[in-house]
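Here is a short briefing for a newcomer. It covers a cavity, then a sheet.

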Amino acid sequence: GTAVVGDMLKPFQTILAATASASPGDTIMVYPGFYTASCQILKEGVKYYFFPGSHISASDSVPLMEGVFNNIDVRGYGIFEGGGTFGIQDAFINLTVSGSGYLEFDKIKTTSLKQNYNATVQVGTSENVLNKYFELKGRIESTGSSVGSYHASLNIKAGNVKFDGSIHMDQSNAGQIGIRLANDANDALIKADVYTSKGICVDSTARNAHSKFEGRYETGDKSTYYVMRFNDGYQGQHIIDAEIVGALHFHPGSNQYGGIHFSGYQLCTDSPSGNGAIYIQSGLNYIDASIYSTEAVIFGVNGGNTHFGGVVEQYNNGGGKIFNV
């Protein structure tokens with residue numbers, strides 16, 4: 001009741017009250033404390049800065065940030081937490097920008113996802129233009145109970161998306177996806193440490209998705225799930241310069257030279273169906289990585305044109321195969 005816009009000594013009690021009073025061009029500064037939101041908190045043209053120690057929780061099944069905006073600018077060290085039942089293809093944070101987007105945070109966490117194709121964070125741009133990006137920085141966690149399938153910690157929609165951070169996905173049900181690329185018009189640049197306890201770190205099923213991955217990626221259930229599965233089947237182009245712990249599946253397609261370039265490091269001790277450390281079904285692929293495997297097969301080849309110029313060590317000397325074509 002005593003809040004004054006522009007007076008840091010007379011703050012608003014809630015983020016929603018500050019948002020309602022803000023005008024385009026204003027910046028809302030969120031002090032340390034615990035806040036609860038009953039609806040999404042962003043406003044067009046308003047910038048947000050969250051001080052360390054600011055913790056925002058949403059009511060059950062309420063998206064905390066949702067909508068289509070011209071520009072988004074959220075910075076600082078906010079902790080955003082929620083969960084529940086979101087609509088199919090919806091998320092706890094679901095944002096699209098026609099201009100540029102910047103979302104910086106200490107942590108975004110969901111404690112439950114209860115519908116098919118739900119995500120913790122889902123972002124994209126409405127136009128796939130070179131100078132328009134949606135950039136994210138921070139840690140994403142998906143934990144607790146879950147119902148349904150195809151849950152993702154980060155779902156990348158159309159356009160240009162950059163992510164610099166970490167993902168930890170440890171839900172109770174299986175079939176999790178750390179990063180999902182399912183839109184035919186997306187370009188992603190990922191620098192992350194990604195771990196999924198019961199699922200795939202990266203799953204690409206778009207017809208012509210293009211992406212680059214750096215960092216470290218590991219699945220906890222290596223005998224059931226690939227660390228990365230590129231199942232575009234058309235003309236996906238992907239670059240991997242990362243540390244991989246587990247098996248890879250290459251099926252990017254063969255149209256217009258779809259393929260994968262893998263130049264990182266891989267440690268594989270198990271693979272789904274024993275297909276090998278790298279199971280290749282299609283694509284014009286280039287592999288110059290260092291690969292160490294205790295699996296019976298390193299390269300399981302069932303299609304495509306793959307050039308290998310790296311280094312492999314097959315631990316099962318005399319008992320395994322480097323190539324199974």
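The residues lining the largest cavity divide into six nonpolar, one polar and two charged. Here Ala, Val, Leu, Ile, Met, Phe, Trp, Tyr, Cys and Pro count as nonpolar, Asp, Glu, Lys and Arg as charged, and the others, Gly among them, as polar. The model is predicted: local features need pLDDT of at least 70, side-chain atom pairs count only at pLDDT 80 or more, and totals for chains, interfaces and linings use all residues. Numbering runs from 1 along each chain as its sequence is written, and side-chain values use heavy atoms, without hydrogens and water.

**Cavity**
- The whole structure holds one cavity of 30 Å³ or more (a set of points, on a 1 Å grid over the protein atoms alone, where a 1.4 Å probe fits but cannot get out).
- The largest cavity has a volume of about 40 Å³ (the space filled by probe spheres set on the points).
- Its lining residues (an atom within 4 Å of a point) include Leu 42, Tyr 48, Phe 69 and Asp 73.
- Strand S6 (residues 72–76) gives the most to this lining, with three residues. Strands are DSSP runs of E, at least two residues, numbered from the N terminus.

**Sheet**
- An open sheet of 11 strands runs in the order S5-S8-S10-S12-S14-S16-S18-S20-S23-S26-S29, with parallel pairing. Two strands pair if DSSP finds at least two bridges between them.
- S5 (65–69) and S29 (321–324) are the edge strands, and each pairs on one side only.
- S23 (residues 278–280) and S26 (residues 297–301) pair in the parallel sense over three bridges.
- Tyr 279 has Gly 300 in S26 as its bridge partner.

Key:
On a 1 Å grid over the protein atoms alone, a cavity is a set of points where a 1.4 Å probe fits but cannot get out, and a pocket is an open set with protein on both sides within 12 Å along at least five of seven lines; lining residues have an atom within 4 Å of a point. Helices (H or I, at least four residues) and strands (E, at least two) are DSSP runs, numbered from the N terminus.
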